[in-house]
Amino acid sequence: MDIAATVGLDRTTVHRLLSTLADVGLVEQDGGTKNYRLGLELFALATAASNRYDLQDVARASISRLAANTGDTIMCYLRAADDGVCVDLETGNYPIKALPFDIGGRFPLGFGAAGIALLAPLPDVEIDQIIEKNRLRMQRFGDVPSVQLRDAIETFRQKGYAYSAHNGAPGIESIAIPALDRRGRPVAALAIATIAERLAPARRAELAVQLAAEITVISELLMRRPDSRRQRQQWEAKVRKGMATLL
């Protein structure tokens, strides 16, 4: 009844849809309370979707290196339309752990360093459209004035990395750099999140150099990946042929 009221459908339709989703494991119903909850198959789908562009496979080594070298939290984000989504993270050995988002955390583009990094490389017209669409949601995440956001975008374009003290958790700051696809559009970003005391301007610049180096590694690996299923099949066939030659 609650779901039917929320989505504006009649109870019979909602029951049929939920039964279908339950049959394939996307939702589950509690035998006692009769309440519905998300099923484990949804987690499997989300895991598969989050590895778009094989990003997690490609970025995992870079994430681990950065966490070990900096001692701070390293987060990997994917762009999903007008949002960013955290798909992987690793904490360093610094005693105070900064976790502005957990895996699966979602935020509007423009919010936080990663949101700026995923937004700033786009054309100005597209940036204006995204900022307008995300305006109300940005207020819920902790409103950042559009002038301040524009300044952050311009700073990114000058310095090559995004910095933000607005990350959803008091005292947590972050820097981020995007990975671009073949068309120069942002598809992902790596970010370093830590307490404010560890992101003084001098260290910020040092960490940006390390981030940029790993983004270069990730981008080069992504560029080698095929863009379509047809290209992937051709690429995999070449790989198999090469391996057979070696063997």
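A residue counts as buried when its relative accessible area is under 20%. By that yardstick, both Phe101 and Phe111 are buried in this predicted model, and they turn up again below as part of a ring cluster.

First, the overall picture. The protein chain is built from 10 helices and eight strands. It has 247 residues, and buried ones make up 42% of them. Looking at contacts between residues at least 6 apart in sequence, 55% join residues that are at least 24 apart. As for the outside, the chain exposes about 13900 Å², with carbon and sulfur atoms supplying 57% of that area.

Now for the aromatic rings. A pair of aromatic rings is described by how far apart the centres are and by the angle between the planes. The structure holds four aromatic pairs. One of them joins Tyr77 and Phe107, edge-to-face, at 5.3 Å centre to centre with 85° between the planes. Tyr77 belongs to strand 3 and Phe107 to strand 5 (residues 106-108), so this pair ties together parts of the chain 30 residues apart in sequence. Tyr77 has a relative accessibility of 4%, so it counts as buried; Phe107, at 1%, counts as buried too. Phe101 and Phe111 make another pair: their ring centres sit 6.3 Å apart and their planes meet at 85°, so this one is edge-to-face. Here the partners are 10 residues apart, with Phe101 in the loop between strand 4 (83-90) and strand 5, and Phe111 in the loop between strand 5 and helix 5. Put together, ring pairs link Tyr77, Phe101, Phe107 and Phe111 into a cluster.

Helix 6 (residues 124-133) is a nice case of a helix with two sides. Its residues Ile127, Ile130 and Ile131 are buried. These three cover an arc of only 100° around the axis, which puts them on the same side of helix 6. The spacing helps explain this: an α-helix has 3.6 residues a turn, so residues three or four places apart point the same way. Flip to the other side of helix 6, and Val125 and Lys133 are exposed. What do the buried residues of helix 6 pack against? Their partners are strand 3 (73-80), helix 5 (112-119), helix 7 (135-142) and helix 8 (146-159). Strand 3 is also where Tyr77 of the ring cluster lies.

Finally, there are nonpolar side chains on the surface as well. Ile3, Val7, Leu9 and Leu17 form a nonpolar patch there, and together they have about 320 Å² of accessible area. Of these, Val7 lies in helix 1 (residues 2-7).

Methods. Residues numbered from 1 in each chain as written. Predicted model: local features only at pLDDT ≥ 70, side-chain atom pairs only at ≥ 80, totals over all residues. Heavy atoms only, no water. Helix = DSSP H or I, 4+ residues; strand = E, 2+ residues; numbered from the N terminus. Buried < 20%, exposed > 50% of the residue type's maximum accessible area, 1.4 Å probe, protein only. Contact = heavy atoms within 4.5 Å. Areas by Shrake-Rupley, 256 points an atom, 1.4 Å probe, with all protein chains shown as cover. Arc of directions from axis to C-beta. Patch = residues over 30% accessible without salt bridge, like charges linked within 9 Å, V, L, I, M, F, W, Y side chains within 5 Å. Salt bridge = Lys/Arg side-chain N within 4 Å of Asp/Glu carboxyl O. Phe/Tyr/Trp six-rings, centres within 6.5 Å; stacked < 30°, edge-to-face > 60°.
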